[in-house]
Amino acid sequence: MIKAVIFDFFGVLSLRGSESFRKTHFKDDKEKFSKAQELNDEYNRGIIGYDDFIHGLAKLGEVAREEVLEFTENYQPNSELLDYIKTELKPNYKIGIISNAGEDWVLKILGKESEDLFDDIVLSYKVGLIKPEPAIYETSACNLGVNEEECVFIDDILRYCQGAEQVGMNSIWYQDFDSFKADMDRLLAAGPDN
């Protein structure tokens, strides 16, 4: 039985950001895309700071810093998903976040009221782990007081879903709200284990 639902933050609970920058500016350039991912991982591990991360992306993309900031600082809460969490999930399940994040953007983007929907928030820079490392998923399950098999993890990046599955979690690859909701409804059809 599912007892906890854990969400990725960037690209799921909030939309837009450095991933969009990479897709827009590096499209088919696999080498640049890979270097940008390395920068992102270093930032998320707390190895480099935000300014170095933005500078690195600007240099790699051969664009002004301001252009990078247009992407990275314009995340918006996914209000349709947050409403669903508030009305459909929160009353019946523990709710968590696992995010590869170099700083605490969650409160800045969601605001206090939406942040209160979550029972646990695991940020990579605070725990020194990044998805898809098994320990980050295990940390979230432990914090929520459930076994990994009792969790469903939602992410827009397939390899992060696969990482969750490797520790025994169920996963849903987030494409858009409607397909997510259909997948979630099927998975939760048996209801929570009370």
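This briefing walks through the sheet, the helices packed around it and one salt bridge in the structure above. Please keep in mind that the model is predicted. At its heart for our purposes is an open sheet of 5 strands, in the order 5-4-1-6-7, with parallel pairing. We then turn to how helix 2, helix 3 and helix 4 pack, and to a link between distant parts of the chain.

**The sheet**

- The edges of the sheet are strand 5 (120-123) and strand 7 (170-173); each has a single partner strand, so one side of each has no neighbour in the sheet.
- On average, and with direction ignored, neighbouring strands are turned by 20 degrees against each other.
- Strand 1 (residues 4-7) pairs with strand 6 (residues 151-155) in the parallel sense, over 4 bridges.
- If you want a spot to look at in this pairing, find Phe-7, which stands opposite Ile-154 in strand 6.

**Helices lying across the sheet strands**

- Helix 5 (residues 79-89) lies across strand 1 and strand 4 (94-99), and runs at about 170 degrees to strand 1.
- Helix 11 (residues 177-187) lies across strand 1, strand 6 and strand 7, with an angle of about 160 degrees to strand 7.

**Helix 2 with helix 3**

- The axes of helix 2 (residues 30-45) and helix 3 come within 10 Å and cross at roughly 175 degrees, and the two helices are therefore roughly antiparallel.
- From helix 2, Lys-32, Lys-35, Ala-36, Leu-39, Asn-40 and Tyr-43 take part in the contact, meeting Tyr-50, Phe-53, Gly-56, Leu-57 and Leu-60 of helix 3.
- Sorted by class, this contact has 7 nonpolar, 2 polar and 2 charged residues.

**Helix 3 with helix 4**

- Helix 3 (residues 50-61) packs against helix 4 (residues 65-72) at an angle of about 115 degrees, and their axes are 8 Å apart.
- That angle makes the two helices roughly perpendicular, and their crossing is right-handed.
- On the helix 3 side, Tyr-50, Asp-51, Ile-54, His-55, Leu-57 and Ala-58 meet Arg-65, Val-68, Leu-69 and Thr-72 of helix 4.
- By class, 6 nonpolar, 2 polar and 2 charged residues make up this contact.

**Salt bridges**

- The model has a count of 10 salt bridges.
- One of them joins the side chains of Glu-150 and Lys-3, at 3.1 Å from N to O.
- Glu-150 sits in the loop between helix 9 (134-144) and strand 6, while Lys-3 belongs to the segment before strand 1, so this pair links parts of the chain 147 residues apart.

Conventions. Residues are numbered from 1 along each chain as its sequence is written. This is a predicted model: local features need pLDDT of at least 70, side-chain atom pairs count only at pLDDT 80 or more; totals for chains, interfaces and linings use all residues. Side-chain values use heavy atoms; hydrogens and water are left out. Axes are lines fitted to C-alpha atoms, for helices over the stretch in contact, and angles run from 0 to 180 degrees between N-to-C directions. Angles under 35 degrees count as roughly parallel, over 145 as roughly antiparallel, 65 to 115 as roughly perpendicular and the rest as oblique. A crossing is left-handed if the near helix is turned anticlockwise from the far one by less than a right angle, and right-handed if clockwise. Contact means heavy atoms within 4.5 Å. Ala, Val, Leu, Ile, Met, Phe, Trp, Tyr, Cys and Pro count as nonpolar, Asp, Glu, Lys and Arg as charged, and the others, Gly among them, as polar. Two strands pair if DSSP finds at least two bridges between them. A salt bridge is a side-chain nitrogen of Lys or Arg within 4 Å of a carboxyl oxygen of Asp or Glu.
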